Amino acid sequence: MSLAADLETVLSSGIRLTAPLAFAACGEYLAERGGALNVSVEAMMLGAAFGSIAVADVTGSAATGLLSGVLIGALIGIVHGLLTYRVHVNTFVAGLVLNALVLGLTSYLVTIGELGSHHVAQLSVPGLRDLPVLGGPLFVERWPVYLLVLIVPLTWWLVERSRWGLELRAAGEDPAAADMTGIRVNLCRGQALVWCGALAGLGGAYLAVGEVGSFNQNMTAGRGYLVIAAVIFGGWRLGRTLAGCALFGLADASRLALPALGFTVNSQLLVSAPYLLALVAMLLFTTRHRRPGALAQPFRRHAPDPG
Amino acid sequence: MTRLEGGLRGSAGVAYALQNRAVAGVSALAVVAALALSGMLIAVTGGSPGAALRALVQGSLGDATAVSMTLLYAAPLLLVAVGACVSARAGAFNIGQEGQVLIGALAGAAAGLRLAVPGPLLVVVVLLAAGLAAGAWASLSSLMHELRGVDIAVSTLLMTFLAQQIVAYAVTTPWLLQESRLGAAAALPQSNKVPAGGLLGSFGDYPGLQVNAGLLVGLTAAVLMAVALRHTRWGFRLTMTGLNPAAARHAGVPVGRMGGMALAVSGALAGVAGAVLLTSPLSTNRLQPGGSLGLGWDGLLVALIARNRPLLTIPVAALFAMLRSGGGFLAATGVPSYLVDVVKALLTLAFVAPALLRRAA
Amino acid sequence: MAPEPALRLRGITRRYGPVVACDAVDLTVSRGEIHGLLGENGAGKSTLMRILLGLETRDAGTVERDGRPVTVTGPREAAALGIGMVHQHFSLVDPLTVWENVILGDRGPVRRAAAVASVREVSARYGLAIDPTARVSALSAGERQRVELLKCLRRDPAVLVMDEPTSVLTGAESAELFAVLRRMVAAEDRAVVLISHKLPEIMAATDRVTVLRAGRVVFRSPTAATTPAELAREMVGREVSLGAAVGVLSSASAPASSLPAPSSAAPSPPVSSPVACSLAAALAPASHSIAGDGPALRVSELTAPTLDGLRLEVRPGEIVGLYGAEGNGQRMLGDILSGLTVPDAGTVEVAGAVVDLRRSGALHDAGLGMVPEDRHHAGVVLDMSVADNLVMTALSEVSTRVVVNRRRLRARARRLADEYGITAASLDAPLRTLSGGNQQRVVLARELSARPRVLVAAQPSRGLDIGAVEDMYTRLRRCAEDGIAVLIISTELAEVLALTSRIAVIAGGRIAGETATADATAEHLGLLIGGLRS
């Protein structure tokens, strides 16, 4: 086998492994800019993966399944939002419990029902697909991958350019000041969680109806945590977060592909690299990252001293 | 004025008691709701809730073997949960127990396999090594917190995934802990068996009923920690640190060191749980990548339900252990054993919400 | 000219439990005027303005804009009604740019170019130079103030509220600010409410002035028709209303003291004037300060973010008041003396020995007791029991090296609760269930139980009802009688006059002046904190 063909294989599988992370990372990035660190990305992705296959089973349409995945993710976002901003449960607790619940529920349901195999259509870009090395990996994909082209700029625009994003950033950096200015901090964060859920849902659903074509127990296997690591690694900047996703995706692809191609790799090191990199990034690049000032801190308005 | 105020205080005291009772009521309701939801899930998916409940009870308490199994599961759950209580009470939110369990098991296996310690003393060394290693592992999080203000919940969580890979690496690397096989048979990703001297035996000799020494370790930890938190200066200061660090500092408590110590203790207890798993009949007494059986996550849930009170973890851990051991018997009724995971999560949700409602009040 | 005033508040009332923050306040502000709102901290100014902005609900009263009753539910709604506020703190988001901060709270799409242009335009119109694309975190205090003002002015408010706008500004910056305000009011017919405690700026910048005291309007006048002296007097009160009550209480509770009073002058006679009251208070400690050989507390050259080489001494048996308007470094001093913050430079000596401020608990061990300003923050643990809170700094006295003796802990707590008249349903109930007065007594009892040489009490009566205040004062006086050096950090002159024998005025993180309480007049002190020397 030629080196080019090897590279193409790794690249192609790297992109497929990156896509679900990238969708979810867009959502988590946005939520964290608003101060909402939600560990429940895993639940959103897994729930959506299951939902998409289940709905595709019922309707016979993989695209409908994909859409349902988005909705399920958003629903989990709403639940997380209610738990943290209404009932004031610690956000980590809410996230971990939701993860446990969705893992249990999907595992239970997939054991009961016989779920079929569903794939959304493949889309290849004429002309470009014939490019050497890059053509195959980049331009022959299941169609939802191309949604990234829309979603990444949209996420950037929402956070950096929209009115809502401005308010969201204010809520993430200094909730008390935002409140003084008339921004409803917790509502804003709740909305961010819904958006995060929808995108994480898209990522999870893509994994199921786009890549694998079926659902198996715990199929996201910790990808949600990987997404959180990517946002941290990216220093709360969208570009670097996505670069992190690509890096993690490629690492995963190398781990799977390289041994088959005759290389020896330390698979444990590759699997743990994302978490290690995230921790190192937090330790080393504290001045260059853009960690929101009030990340994971709940906000409640305090009455001042009478006076 | 004093009398008037006394009256007011009296009513506040009553209100407090009422509130406590209300919380208990809400919690009871929530449990009923959680169980009802689980039952509905079974019914909707074509199973029989009654049969499932019977299977759960049968499988966890039905006979001496079942009870033995339940008690076996209870031990590591208790240890993890008691540890989670300690760190949460000190205000250091440790959610990386799953990884700490694995690191404990790893260190325990290494000690058991590498150290030439005679007979029954070995098991003590194994448990100690596990506790020390996992305590040190958890302390890395406090170090990162001290150095760069890295959130403890985030770092303990991320380090869980590192721990999983470290264990996987250790058991796939011949010069580390991978099993040694004679002949050509491919070695599996697991360690050698811990020698008999390093294993936790049963104590007592009841016909058919095995009560593993691990349970004794767990119960001792729970009781000792309850006593320590309530009756020692250390516990008093730790509680103060968790509830109001500023006031604790004012009262002369070295707040940073207190939190770090609580996190280390929490990790150490999770590590001992890992060693108990490794050396009790729950496992094949070999270190394996999935060897924690998810008990680290479960133990955290136990502590959440027990509201960080070590003594309350005993019944909750027993309940979770029953769900574990009973879960294996569910399949016969046509209900997937994953049901118990749903039940556990719903129960936690049911308990967490009202507990925090009171905080908010 | 519209006959209706731009803003009219009628009968605004707001209660926090037993404390009335605003008591039927009426305020009328016309277009084209700068209206000064004067009062001590705690007089109700901030609450009134938070109600106006919709950040706080009111129990009674109406708000009228141009004669029409309006309901304000939040800052955005206020802005829509033409009411804008320049906050003293907390309303800029540091990591955002100037223009982003300025348009925060608007509606509609974000247009960077338009926003930047509008910031430039407004800043040119008012002569408030600022780079719209700079990050707020990189700005100086004066520049931040400009951004706050721009943010408000860009929305073209008919009524502009400015809350202590010069508290962080230099003299030149303040002068510039008022020049802008005057131009704006004259040229654009706006109404401005200027909240301040600085008399020169009220005198120089306002057309009319309203003085609030204890939640009520006590004085109204055209500025030209009044004097700084009169305003100072009105702000702190002609008579100290607590005087009479204090006298009654101290004579009633004197026999309860377990230690013999070393001075016969201890119980203050019932008095109603601050001077008489403070004279009585001054007489008792005098005998002690002669007996003591050196200061029990000496703070030297204390430098920290809001402290500028603060120097202060308190002798045994003396009550010294550290008086000043809020935000002049008192909070930082309190944090340092609570062991929560380590100063950049300077030392704290207790009984002649320098305390190592980096070690937690060092101040306590050296014999300094602290009743902090925000007791919920550093004074108590609300979720621990009353008994635990009473004993938490003296754990070693009820325990062996390892074990806490619960019986001894309870016995000690019981004794303290009885001695200090703490009423609790049970000593095992969480401290949260106690009234403010009882919580404050818990802190005092605990700090005094360590037999300190020095007691620092910051805003000791804040948030307490009148009865609890009297009780607190009696106990603080008794401390001095017992030979403890007492430092009262307070923003309320009535409190300082009623308690102390010597008053040090803090302004800008250093001592602006010191005087014996007996020689002090409300006017003189009001002028000192107001930045005027008499």
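Me: What makes strand 14 and strand 15 of chain C a pair?

Reply: In this predicted model, two bridges join strand 14 (residues 345-350) of chain C to strand 15 of chain C, and the two run antiparallel. Pairing requires at least two bridges between the strands, so the two bridges found here satisfy the criterion. In one of the bridges, Glu349(C) has Val354(C) of strand 15 as its partner.

Me: Why is strand 15 of chain C called an edge strand?

Reply: Strand 15 (353-354) of chain C pairs on one side only, as does strand 12 (307-314) of chain C. The open sheet to which they belong has four strands in the order 12-11-14-15, with antiparallel pairing.

Me: How do you know that strand 8 of chain C pairs with strand 3 and with strand 7 of chain C?

Reply: Five bridges connect strand 3 (residues 34-38) of chain C to strand 8 of chain C, in parallel. Five bridges also connect strand 7 (residues 159-163) of chain C to strand 8 of chain C, again in parallel. The threshold is at least two bridges, and therefore each of these connections counts as a pairing. Individual positions can be named: Leu37(C) stands opposite Ile195(C) of strand 8, and Val159(C) has Ala191(C) of strand 8 as its bridge partner.

Me: What makes strand 8 of chain C mostly covered?

Reply: Of the six residues in strand 8 (residues 191-196) of chain C, six are buried. Both faces are covered. Ala191(C), Val193(C) and Ile195(C) are buried on one side, and Val192(C), Leu194(C) and Ser196(C) are buried on the other.

Me: Why is Ala321(B) called buried?

Reply: Ala321(B) has 25 C-beta neighbours inside 10 Å. A residue is buried when 20 or more other C-beta atoms lie within 10 Å of its own, so Ala321(B) counts as buried. Ala321(B) is located in helix 12 (residues 310-330) of chain B. Apart from neighbours within four places in sequence, Ala321(B) is in contact with Thr70(B), Tyr73(B), Ala74(B) and Leu77(B).

Me: How do you know that the span of helix 3 of chain A agrees with its number of residues?

Reply: Helix 3 (residues 62-86) of chain A has 25 residues, and at 1.5 Å a residue the helix should span 36 Å. Its end C-alpha atoms are 35 Å apart, and therefore the span agrees with the expected value. Just after this helix, His88(A) takes a positive phi of about 60°.

Me: Where does helix 1 of chain A bend?

Reply: Helix 1 (residues 3-33) of chain A bends by about 30° at Thr18(A), and a proline, Pro20(A), follows within four residues. Gly35(A), just after helix 1 of chain A, has a positive phi of about 95°.

Me: What makes up the contact between chain A and chain B?

Reply: The contact takes 30 residues from chain A and 34 residues from chain B. On the chain A side, helix 4 (91-112), helix 10 (223-233) and helix 12 (267-284) each supply at least two residues. The largest share, 13 residues, comes from helix 4 of chain A. By class, this side of chain A has 22 nonpolar, eight polar and no charged residues.

Me: What makes up the contact between chain C and chain B?

Reply: Here 35 residues come from chain C and 27 residues from chain B. Helix 13 (375-379) and helix 16 (436-449) of chain C each supply at least two residues of the chain C side, and helix 13 of chain C gives the most, with three residues. The chain C side divides into 16 nonpolar, 17 polar and two charged residues.

Key: Residues are numbered from 1 along each chain as its sequence is written. Chains are lettered from A and ligands numbered from 1 in the order in which they are written. This is a predicted model: local features need pLDDT of at least 70, side-chain atom pairs count only at pLDDT 80 or more; totals for chains, interfaces and linings use all residues. A residue is buried if 20 or more other C-beta atoms lie within 10 Å of its own, exposed if 12 or fewer, and partly exposed in between; C-beta atoms are placed from the backbone. Two residues are in contact if their C-beta atoms, placed from the backbone, lie within 7 Å. Ala, Val, Leu, Ile, Met, Phe, Trp, Tyr, Cys and Pro count as nonpolar, Asp, Glu, Lys and Arg as charged, and the others, Gly among them, as polar. The bend at a residue is the angle between axes fitted to the seven residues ending there and the seven starting there. The expected span of a helix is 1.5 Å times one less than its number of residues.
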